[in-house]
Amino acid sequence: MTIENPKCGFIAVLGAPNAGKSTLVNRMVGTKVSIVSPKVQTTRSRVMGIAVREDVQLVFIDTPGIFEPRRRLDRAMVAAAWSGASDGDVSLLLVDVEAGIRRDTKAIIERMKKEGRRAHLVLNKIDQVPKETLLGLAQTLSEEGIFDHVFMISALKGKGVEDLMDFLASHMPEGPWHFPEDQVSDMTERLMAAEITREKLYMQLRQELPYATTVETETWEDRDDGSTKIEQVIFVERESQKSIILGKNGQQIKKIGSQSRLELEEILDRRVHLFLFVKVRENWGDDPERYRDLGLDFGA
Ligand code: GDP
Ligand code: MG
């Protein structure tokens, strides 16, 4: 395929945890490239989702929500989010209109002001609030003076997303495409597979536990019979967490494993044999190698 006038640009998607960044990126790309959950901080590293509109390639940089860092892992995520912002030709600041303007959103706006950056404001979750609330928020946020345009969308329902996409497509710089036309993400299959299992963990387990877990794909074997054998390790920090993940008679991990396998089969379009192991590794949050695997900077 030859593209007449190729255009290509990077769009940084910023916003507080839970604003709907990953939901929006997945919708724009048209397939799931970033994991979503009702818990905050599901997205740990920077994920690129790639969409094509005629001769325009749009590369969305989904970032971990920017928030006030406390632990080392948090600091690395914040650093990844800001470097995502610097890589973008355009920045979108997503605001959850149901949650309103919270500390995280304020902190992002302050930092953008300090660095002289501009963005488009995207008010998300408009399916959740009355019109007056929306207009009030748009008014208040416009007064910050850093937004060029305001969009009102529901990333979940798809409302307003097409208009936003059209707008972005018509504002991308001219230049060759950065990725092959059929590529939708910059993630490797191994990392993607680990992320999918991590998402199922987040959905199955309650409270704080998931934050103490990380998932790694250890082996990947495409077999001659058309199936793929995948072995993954779920790392936890304590023995007690291990038994929670395993569940009574291994019921919990079985459930997580079968949910993950079903989704992997759908994405990879082949049969998958998934084997999950749970291991205790104290302080994995302080292990440099884990950071590299996640695409995060240990020293941040
Ligand atoms: P992120 O942390 O900013 O990446 O947010 P996610 O994309 O993970 O979404 C956080 C939660 O908000 C999930 O439960 C989504 O289903 C939900 N969500 C995202 N967009 C919308 C929306 O437009 N409307 C509603 N009602 N929920 C949404
Ligand atoms: Mg996310």
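**Exercise 1. Determine whether D269 is buried or exposed, and describe its backbone and its place in the chain.**

Solution. D269 has a relative accessible area of 70% and is therefore exposed, given that buried means under 20% relative accessible area, exposed over 50% and partly exposed in between (1.4 Å probe, protein chains only). The next step is to locate D269, which is found in the loop between α8 and β9 (272–280); helices (H or I, at least four residues) and strands (E, at least two) are DSSP runs, numbered from the N terminus. The last step concerns the backbone, where phi of D269 is near 55 degrees, a positive value in a residue other than glycine. Most residues other than glycine have a negative phi.

The structure is a predicted model, in which local features need pLDDT of at least 70 and side-chain atom pairs count only at pLDDT 80 or more, while totals for chains, interfaces and linings use all residues. Residues are numbered from 1 along each chain as its sequence is written, chains are lettered from A and ligands numbered from 1 in the order in which they are written, and side-chain values use heavy atoms, with hydrogens and water left out.

**Exercise 2. Carry out the analysis of phi, place and accessibility for E54.**

Solution. Phi of E54 is near 45 degrees, a positive value in a residue other than glycine. As for its place, E54 sits in the loop between β2 (47–53) and β3 (56–62). With 74% relative accessibility, E54 counts as exposed.

**Exercise 3. State how many salt bridges the whole structure contains, and work through the pairs E144 with K113, R117 with E115 and E265 with R261.**

Solution. A search of the whole structure gives 17 salt bridges, where a salt bridge is a side-chain nitrogen of Lys or Arg within 4 Å of a carboxyl oxygen of Asp or Glu.

- In the salt bridge of E144 with K113, the closest N and O atoms are 2.6 Å apart. This pair links distant parts of the chain, since E144 lies in the loop between α4 (131–142) and β6 (147–152) and K113 in helix α3 (residues 103–114), 31 residues apart. E144 is partly exposed at 27% relative accessibility, and K113 is likewise partly exposed, with a relative accessible area of 35%.
- R117 and E115 meet through their side chains in a salt bridge of 2.7 Å, N to O. R117, at 19% relative accessibility, counts as buried, whereas E115, at 37%, counts as partly exposed.
- E265 forms a salt bridge with R261, with 3.4 Å between the closest N and O atoms. Both residues lie in helix α8 (residues 251–268), four residues apart, about one turn of the helix. E265 counts as buried at 19% relative accessibility, while R261 is partly exposed at 28%.

Beyond these pairs, R53, E162 and D166 are linked in a network of salt bridges.

**Exercise 4. Describe how helix α7 packs against α8, giving the crossing angle, the residues in contact and their classes.**

Solution. The axes of helix α7 (residues 239–246) and α8 come within 5 Å and cross at roughly 65 degrees; axes are lines fitted to C-alpha atoms, for helices over the stretch in contact, and angles run from 0 to 180 degrees between N-to-C directions. The contact (heavy atoms within 4.5 Å) is made by I244, I245 and L246 of α7 together with Q251, Q252 and I253 of α8. Sorted by class, it has four nonpolar, two polar and no charged residues, where Ala, Val, Leu, Ile, Met, Phe, Trp, Tyr, Cys and Pro count as nonpolar, Asp, Glu, Lys and Arg as charged, and the others, Gly among them, as polar.

**Exercise 5. Characterise the surroundings of V90.**

Solution. V90 is found in strand β4 (residues 90–96), and its relative accessibility of 12% makes V90 buried. Leaving aside neighbours within four places in sequence, V90 is in contact with F10, I11, A12, H120, L168 and M172. The C-alpha atoms of V90 and H171, 81 residues apart along the chain, are separated by 8.7 Å.

**Exercise 6. Summarise the protein chain as a whole.**

Solution. The protein chain holds nine helices and nine strands, and buried residues make up 52% of its 300 residues. Of the contacts with a separation of 6 or more, 72% are accounted for by residues 24 or more positions apart.
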